[in-house]
Amino acid sequence: METPGSQTSLHRANLERVVRAVRMAGSLTQAEIARSTGLSAATVSNIVRELKEGGTVEVTPTSAGGRRARSVSLSGDAGIVVGVDFGHTHLRVAVGNLAHQVIAEEAEPLDVDASSEEGFGRAQRLVERLIGATGIGQDKVIGVGLGVPGPIDVESGTLGSTSILPGWKGINPREELAGRLGVPVHVDNDANLGALGELVWGSGRGVKDLAYIKVADGVGAGLVIDGRIYRGPGGTAGEIGHITLDESGPVCRCGNRGCLETFTAARYVLPLLRPGHGPDLTMEGMVGLAQEGDPGCRRVVADVGRHIGSGVASLCNLLNPSRVVLGGPLAEAGELVLAPIRESVARYAIPSAARQLSVLPGALGGRAEVLGALALVLSEMGDSTLLGSALPTKGPAFT
C-alpha cells in the first residue's frame, strides 16, 4: 500500500508527471521533459529508462539545437484514440496513436440535421471499419472524442439548442455513441474541438491563450485560457455568434435581433450573392470566386471580415487572448478576410489588447475538429493506466 508522502508515492507521482508531459506534447526530448515537469535531468533520465523498459514509452535519436538528443514518445502499443466529427454536411473519423500520429482517417458526406439514428449508425460503421483497417485490436481503444455542431448542456449532456439540430432533440451524444462502441466517449462542440486541434497541431501551437473562430452555417468560438478549453458552468462559453451588433438587425435563430451570426454565417450571407451566382453557391464557392477577383464575392467576404473583427474586438477587451485563429471555409480567403478583421480589431479593441493580438488562418482546414476530438481524449485520459509494468511493486531506488 502506498502512503501519501512516501518514497513510493512520490516516485509514482513523478512517473505520471513524465507520462502526462509526453502525452500532451506527443513527443519531447529529455531536456524538454525536465523543463516542463520541473524534475532534474538525472531523475528524468532514470524515469525514461524505467518507462522504456516497462513498454510505456519509445526513445528515438534526434537533435536539438544542433546537438544529439533523445526523443521520447508514448509507445505505439500503449493504445489508440478515435476522433469523430459531425458537421452539418459531413462525417469525419480519425484514428490516432498516443504519439499524436494519425494512422487512419476518412470523411464522407452526411446530412447530420436529418436523423441522429442515421448519423450515429454511420459513425459506428466508419469507426469500426477504420480500426479494422489499422490491424489494431479494438481492445486497444482508450477512448473516443466526439464533436457536434452545437453547445452541449453540462447538466443533461444533451445539445443545448434544439434549433441547431432538430433531429437530435433529447439525444445524449456521449451515451449514444458509447453504447454503440462500448468504450468511453468524451463530447464537445465543434468550435472547442477546433481550438484544441489548432492548439496541439496547428496555428495555436506555442500559446496558452487563444480563440478559435469558426464561421460556417453558424458562428462559434472555442476559447483556450491558460492552455485549457474554457466552457463555462453551462457549457455555452464561446457563443460569439450571438453578440449583438445591431438591435434593429435581422432576427436570429436564437430569437434576438442583429446577432453577429446574422451578418456572417453562410445561411445569411450567401442569399446576398445567389441572384447573380445561382442557388447552389456555397461558402467555399464564394471564397473561391473572391480569390479569382469576383467583385461581389470580394465585397461580401470583406464585410464579413469587418463584422467578425467587431466580435473579436469585444473578445479582446474581455479576455485579452494572444492569438485568434480563424477556421471554417472562410479561412481559405486569407488576407481578403483577415485584413478586415484586423482593421476592426484595431478600431474597436483596447489598444494594448489589439497590439498583443495576432490573427491567423487555421492550419488544419476541415480537419481541425476531428484532430481536436483526438486531442480531447488525450487530454482527458488518465496517466496511471498507461504505466503498466512501469509501476513499482517495491520502493524505488530513486525519485
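## Enclosed space

The largest cavity holds about 50 Å³ of space. Here is how the terms work: on a 1 Å grid over the protein atoms alone, a cavity is a set of points where a 1.4 Å probe fits but cannot get out, while a pocket is an open set with protein on both sides within 12 Å along at least five of seven lines. Lining residues have an atom within 4 Å of a point. Grid points are joined across faces, edges and corners, and a volume is the space filled by probe spheres set on the points. Before going on, note that this is a predicted model, where local features need pLDDT of at least 70 and side-chain atom pairs count only at pLDDT 80 or more, though totals for chains, interfaces and linings use all residues. Residues are numbered from 1 along each chain as its sequence is written, and side-chain values use heavy atoms, with hydrogens and water left out.

Around the largest cavity sit Asp209, Leu210, Ala211, Leu223, Val224, Ile225, Leu319 and Pro321. S9 and S10 are the elements that give two or more residues to this lining, and S10 has the largest share, with three. (Helices, H or I with at least four residues, and strands, E with at least two, are DSSP runs numbered from the N terminus.) Sorted by class, the lining comes out as seven nonpolar, no polar and one charged. For that sorting, Ala, Val, Leu, Ile, Met, Phe, Trp, Tyr, Cys and Pro count as nonpolar, Asp, Glu, Lys and Arg as charged, and the others, Gly among them, as polar.

## The other cavity

With a floor of 30 Å³, the count comes to two cavities. The second largest has a volume of about 40 Å³, and its lining is made up of Val81, Gly96, Asn97, His100, Gln101, Val102, Trp201, Leu374 and Leu378. S5 and H13 each put at least two residues into that lining. By class there are five nonpolar, four polar and no charged residues.

## The largest pocket

Now for the open space. The largest pocket contains about 1,100 Å³. It has 30 lining residues, and Met24, Ala25, Leu199, Val200 and Gly227 are the closest to its centre. Two or more lining residues come from each of helix H1 (7-25), strand S1 (27-29), helix H2 (30-37), helix H6 (190-201), strand S11 (228-229) and helix H13 (368-380).

Which element gives the most to this lining? That's H1, with six residues. The class split is 12 nonpolar, eight polar and 10 charged.

## The second largest pocket

About 880 Å³ of space lies in the second largest pocket. Its lining runs to 41 residues, with His88, Lys214, Ala216, Asp217 and Pro329 the closest to the centre. Strand S5 (90-97), H6, strand S9 (210-215), strand S10 (219-225), helix H8 (266-277) and helix H9 (283-291) each chip in at least two residues. H8 has the largest share, at four residues. The classes here are 15 nonpolar, 14 polar and 12 charged.

## A three-stranded sheet

S1, which helps line the largest pocket, also belongs to an open sheet of three strands in the order S1-S3-S2, with antiparallel pairing. Pairing here takes at least two DSSP bridges between two strands. S1 and strand S2 (57-64) are the edge strands, each pairing on one side only. On average, neighbouring strands are turned by 30 degrees against each other, direction ignored.

Three bridges join S1 to S3 (residues 67-74), and Leu28 has Val72 in S3 as its bridge partner. Helix H3 (residues 41-53) lies across S2 and S3, running at about 135 degrees to S2. Axes are lines fitted to C-alpha atoms, for helices over the stretch in contact, and angles run from 0 to 180 degrees between N-to-C directions.

## Two residues up close

Ser75 sits in the loop between S3 and strand S4 (80-86). Is Ser75 buried or exposed? Its relative accessible area is 5%, so Ser75 counts as buried (buried means under 20%, exposed over 50%, partly exposed in between, with a 1.4 Å probe and protein chains only). Leaving aside neighbours within four places in sequence, Ser75 is in contact (heavy atoms within 4.5 Å) with Gly55, Thr56, Val57 and Glu58.

Leu336, in helix H11 (residues 335-348), is partly exposed because its relative accessibility is 23%. Not counting residues up to four places away in sequence, Leu336 touches Ala290, Gln291, Arg298, Val301 and Ala302. Leu336 and Ala302 are 34 residues apart along the chain, with their C-alpha atoms separated by 6.3 Å.
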